[in-house]
Amino acid sequence: MTPIRPRSHHLPKMIPCTWPTTLFFLIWLCNDVASKRNHTLKPRVVLPENYVKEMRPPARKGQPVMVEFSIYVVDVNSINVEDMDFRVDMFIRQTWRESRLQLPEDIFEEGDDHVTLPPEFFDNLWHPDPYFLNSKVTEIAELTHKFSSVTLYRNQTVRYAARMHAIIACQMEFQLYPMDIQSCPIYIESFSYSNQKVRFRWSESGVTINPELKLLQYHIGQPLRLEETNGYMIDKDGNYSRLVVYFRFERQIGHHLIQTFAPSSLVVMLSWFSFWLDLDAIPGRVTLLVTCMLTLVTMFTGLRADIPPVAYVKALDLWMAGCMMFVFAALGEFVVVKVLDKQYQVNKSKMQEALPRIIPVRLNGEKGSCGTVAAWEGSGVRCRKVDITSPTSPPAATPAVHPAPSAPHSNPHLVGVERRQSILQVAWLDADTGQERVLWREIDKLSRVVFPALFLLFVTMYWPVLLLKTKTSS
């Protein structure tokens, strides 16, 4: 059986295997594979030969290119009250129509109306030039590459998406601190195209916040306020399209209730214990009040480090000033009662020295008995004669009862005591009980009621006014 030989035209002509030939063949093969692999990534596949990326897409006469924006806020952190800024991580998307694109069908996968290209393709397209007007730092997030992409749709729409980090400046107000509400805007504006060339607008989704986003001291209020304006820019001498989104940061009061308001209230209440201490416990009373004052001062100094120094009075300043005034008033009350007690002791000692000088009279033949009754009225003594006639004596023999003012007033020292008593009465007799009442003791008893009542009035006025202003400002 004769073997079948292949026809000569089915066999390629054998090429001698030499090193230059082999090297040339490998280079040709690699270039052919690379060209097939990169065929869909060449810009000229979708862009015409006369495409100029520096020129905006053609539009009707007098009509600007409409660019839609949408933002998805991933995280908000580092709200810095000292530098008055905050950091926001977000996905930002821009969408516009590019009528010059030539989109062949083979670049779309079956059933898809769009194709996503790497960010390098974005450099070959015309794109708007938005920037954050009030940003300090803006950058696209990177790991192994930039987190950005370009999506082309069949209807010649271009969508550019990127993950961005930005530090946004915010003009904060602290009049209502620590119940302040900060309204921080982000301004998005075109840098070189006026509103007659390019106009920005929010898409239907607008701005969306991550529902799992939680902040330590703030709560992001809802809803967000979105605006579209055409402001006049002096530095650019023209009207430029601008998008504005307002973030509302409401400070949570729980931290300050535990760390500030509750401890300061307890310190003020602690100062009231001095009203129950006797004046003999001078070291304990003074130590208690001075310690309360120093505690409030230290607490107030620590709170000042949390916010920058401002030229106006904050709500927390009013609270701390009120607490310090109550403690200072308790310290002043102690000084007053101590001075009154000293005056009382001086008057009492002088009166005890003046009493033996009253001229004694004989009653029933007993030497040393006083024919007058001396009654304390503060530091003075009032004497009157009493009826010393026996019951069996005839009425005609009864001497007349009349005041004897000459006895006490005959002593010049008692006259000076009575004059001082008329100016400041440090002790007196109760008309109902007949017991002696001292002025400094009465002031202490009154302070036990007045100080808590005034502090309660201060609290009931402070919080409603603060809450009302917070509600008004929001």
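## A buried pair

Both Phe 69 and Phe 200 are buried. They belong to a predicted model. The two rings form an aromatic pair. Its geometry is edge-to-face, with 65° between the planes. Centre to centre, the rings of Phe 69 and Phe 200 are 5.0 Å apart.

This pair links distant parts of the chain. Phe 69 sits in strand β1, residues 65-80. Phe 200 sits in strand β9, residues 198-209. The two residues are 131 residues apart.

## A pair with exposed surface

Tyr 131 and Phe 191 also make an edge-to-face aromatic pair. Here the planes meet at 80°, and the centres are 5.4 Å apart. Tyr 131 lies in strand β4, residues 130-132. Phe 191 lies in the loop between β8 (181-190) and β9. This pair too links distant parts of the chain, 60 residues apart.

Why does Phe 191 count as exposed? Phe 191 counts as exposed because its relative accessibility is 52%, and exposed means over 50%. Tyr 131 has 23% relative accessibility, so it counts as partly exposed.

## A cluster of rings

How many aromatic pairs does the structure hold? It holds 24. Ring pairs also build a cluster. Its members are Phe 261, Trp 272, Trp 319, Phe 326, Phe 455, Phe 458, Tyr 462 and Trp 463.

## Charges over rings

Some rings have an arginine over them. Arg 154 lies over the face of Phe 108, 4.3 Å from the ring centre. Arg 225 places its charged end over the ring of Tyr 246. That end is 4.0 Å from the centre of the Tyr 246 ring.

Conventions. Residues are numbered from 1 along each chain as its sequence is written. This is a predicted model: local features need pLDDT of at least 70, side-chain atom pairs count only at pLDDT 80 or more; totals for chains, interfaces and linings use all residues. Side-chain values use heavy atoms; hydrogens and water are left out. Rings of Phe, Tyr and Trp (its six-membered ring) pair if their centres lie within 6.5 Å; planes under 30 degrees apart count as stacked, over 60 as edge-to-face and the rest as tilted. Helices (H or I, at least four residues) and strands (E, at least two) are DSSP runs, numbered from the N terminus. Buried means under 20% relative accessible area, exposed over 50%, partly exposed in between (1.4 Å probe, protein chains only). A charge sits over a ring if NZ of Lys or CZ of Arg is within 6 Å of the ring centre and within 35 degrees of the ring normal.
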